[in-house]
Amino acid sequence: QVPMLRHMESSACYFVTRIILTKSNYEICKAGKISLEMSYVISFAPYYWRAMQCVRRWFNEMNTDHLANLGKYVSAMAAGAARLMYYSNPTTLWMVMVIITSLVAMVYQLYWDFVKDWGFLNPDSKNPWLRDQLLLKNKGIYYGSIALNLVLRVVCFRTLVRFHQGMFEYDLIEFLFASLEVIRRGHWNYYRLENEHLNNVGKFRAVVAVPLPSSEDADSD
């Protein structure tokens, strides 16, 4: 959602400058200070919405896991705020704050991916550092998926460094990283649903496999 909202903001800026200014200056919408600050403010919206959902669920269920999940989105907003302050006031202190807050947010997100969402990194599991129940027979796929998710998460850390490139290169890089995030999210969804399904089975809220009508007819015969 963050890249989408940022592109909506830059598109709105482009059309506004076309209407107000005699000459459209697209650079204002990409490199201007106000535009940069707006892009970071807009990027807070998805994290804020999810954080408020966690607060609402905590009030409804009083489950502390929702507060822990809230911390993940708060850490992401803190990292974004630190980056915004650094670009407004590029001092060594703010650079250190950017590195610290971004590292904390990235580690928090990785922990939540692997432990809470996927159920992995269990040292007592019969499948080393995975979980007891697995749907795929080849365990190597799970270890490879952990490594892939780690790499794709770390790629997001590149926002610490701003390269001086032309407009075309900037748009191309943004498209590349947005595409990688789509891949990471789709990859994450599979193991998230697998873990949720197995947890539901373990708590007797579902069954491993639903019998087909043909098999029920055969049993009745």
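This report looks at three helices, H4, H5 and H6, and how they pack, in a predicted model.

## Helix H4 and its cap

Let's begin with H4, which covers residues 64-88. Its 25 residues should span 36 Å at 1.5 Å a residue, and the C-alpha atoms at its ends are indeed 36 Å apart, so expectation and model agree.

Just before this helix sits Asn63, which caps the N-terminal end of H4. Here a side-chain oxygen of Asn63 lies 3.0 Å from the backbone nitrogen of Asp65.

## H4 against H5

Next comes the pairing of H4 with H5. Their axes come within 8 Å and cross at roughly 150°. Because angles over 145 degrees count as roughly antiparallel, H4 is described that way relative to H5. The crossing of these two helices is left-handed.

What classes of residue make up the contact of H4 with H5? There are 14 nonpolar residues, joined by six polar and four charged ones.

## H5 against H6

H5 (residues 92-117) also meets H6 (residues 139-155), with axes that come within 11 Å and cross at roughly 155°. That angle makes H5 roughly antiparallel to H6. This time the crossing is right-handed.

Which residues should you pick out on screen to see the contact of H5 with H6? From H5, look for Met106, Gln109, Leu110, Asp113 and Phe114; H6 brings Ile146, Asn149, Leu150, Arg153 and Val154. Sorted by class, the residues of this contact are six nonpolar, two polar and two charged. As a reminder when reading such lists, an α-helix has 3.6 residues a turn, so residues three or four places apart point the same way.

Methods. Residues are numbered from 1 along each chain as its sequence is written. This is a predicted model: local features need pLDDT of at least 70, side-chain atom pairs count only at pLDDT 80 or more; totals for chains, interfaces and linings use all residues. Side-chain values use heavy atoms; hydrogens and water are left out. Axes are lines fitted to C-alpha atoms, for helices over the stretch in contact, and angles run from 0 to 180 degrees between N-to-C directions. Helices (H or I, at least four residues) and strands (E, at least two) are DSSP runs, numbered from the N terminus. Angles under 35 degrees count as roughly parallel, over 145 as roughly antiparallel, 65 to 115 as roughly perpendicular and the rest as oblique. A crossing is left-handed if the near helix is turned anticlockwise from the far one by less than a right angle, and right-handed if clockwise. Contact means heavy atoms within 4.5 Å. Ala, Val, Leu, Ile, Met, Phe, Trp, Tyr, Cys and Pro count as nonpolar, Asp, Glu, Lys and Arg as charged, and the others, Gly among them, as polar. The expected span of a helix is 1.5 Å times one less than its number of residues. A polar contact is a pair of N or O atoms within 3.5 Å; within protein, one must be able to donate a hydrogen and the other to accept it, and residues adjacent in sequence count only if both atoms are side-chain atoms.
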